[in-house]
Amino acid sequence: MSERSEPAGVPGSGLVKGLAVTLKTMTKRSTTQQYPDVAPELPPRSRGVIALLEENCTVCMLCARECPDWCIYIDSHKEEVAVPGAARPRQRNVLDRFDIDFSLCMYCGICIEVCPFDALYWSPEFEYAEYDIKDLLHDKDHLGEWMATVPPPPAHDRNGEPAKEETAAARKAAVPAAPAARPTAPAVRPEGPAGDGEGASA
Ligand code: SF4
Ligand code: SF4
């Protein structure tokens, strides 16, 4: 049986190192934040609560399916919308229920990542503790209210790649406009000896 060997060192060096760290920390300014008297300065991408932009939601159910905690509950019904000129009315999903249970949510952000229609956002708001755990189930109206606290998207990194939309727009603008089509003269039918003019029948 082999014994684990400790690295050789000067006896007491660990104690000196520990005291040095203590002294260094003692001379630093305190970083205690006086919350709740002073609101904390949170990073812009803080994950506080999930906000729902209801009009963007198409009830595709991707977020509910991908949520690892199964804490998103969605109900909907179909509605017929008459489209002028169309043979048949179109169908669209109408959201009846969109709840997130924040007592189960682990703030992984998968629902926000997978939403193809930008209907879910992170808000840095975190002051929504409740006395009753049941009140941590936020319905669609409550989730919609959080939209007011969603920060605007960060500015583009000047050294980063431009967005695909910008590249496409620049490419489109660089293409010279096609010359306008010239009006064509009406086709003149050549008159020949075997033509069907009046002279042929005389
Ligand atoms: S953040 Fe994660 S756990 Fe919370 S609702 Fe979204 S997918 Fe589910
Ligand atoms: S993934 Fe987005 S669009 Fe689809 S149901 Fe969820 S929130 Fe609505």
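User: I'm new here. When do two strands count as paired?

Analyst: Two strands pair if DSSP finds at least two bridges between them. This is a predicted model, and Val81 stands opposite Arg90 of β3 in it.

User: How many bridges join β2 to β3, and how do the two run?

Analyst: There are 10 bridges joining β2 to β3, and these strands run antiparallel.

User: What is the strand order in the open sheet?

Analyst: The order is β2-β3-β5, which gives an open sheet of 3 strands with antiparallel pairing. The edge strands, each pairing on one side only, are β2 (72–81) and β5 (137–138).

User: Over how many bridges do β3 and β5 pair?

Analyst: Strand β3, residues 90–101, pairs with β5 over 2 bridges, again in the antiparallel sense. You can find the partners by residue: Asp101 has Leu137 of β5 as its bridge partner, and Ile100 stands opposite His138, also in β5.

User: And how should I think about side chains along a strand?

Analyst: In a regular strand, side chains alternate between the two faces of the sheet.

User: Let's turn to the ligands. Which residues come nearest to ligand 1?

Analyst: A good way to start is to look at the surrounding residues, then at their classes. Ligand 1 has 13 residues around it, and Cys67, Cys105, Cys108, Ile110 and Cys111 come nearest. By class, its shell holds 11 nonpolar, 1 polar and 1 charged residues.

User: What surrounds ligand 2?

Analyst: Its surroundings include Cys57, Cys60, Cys63 and Cys115, along with Ile74, Phe117 and Leu120. The shell around ligand 2 has 11 nonpolar residues, 1 polar and no charged ones.

Notes
Residues numbered from 1 in each chain as written. Chains lettered and ligands numbered in written order. Predicted model: local features only at pLDDT ≥ 70, side-chain atom pairs only at ≥ 80, totals over all residues. Helix = DSSP H or I, 4+ residues; strand = E, 2+ residues; numbered from the N terminus. Near = placed C-beta within 6 Å. Nonpolar A, V, L, I, M, F, W, Y, C, P; charged D, E, K, R; others polar.
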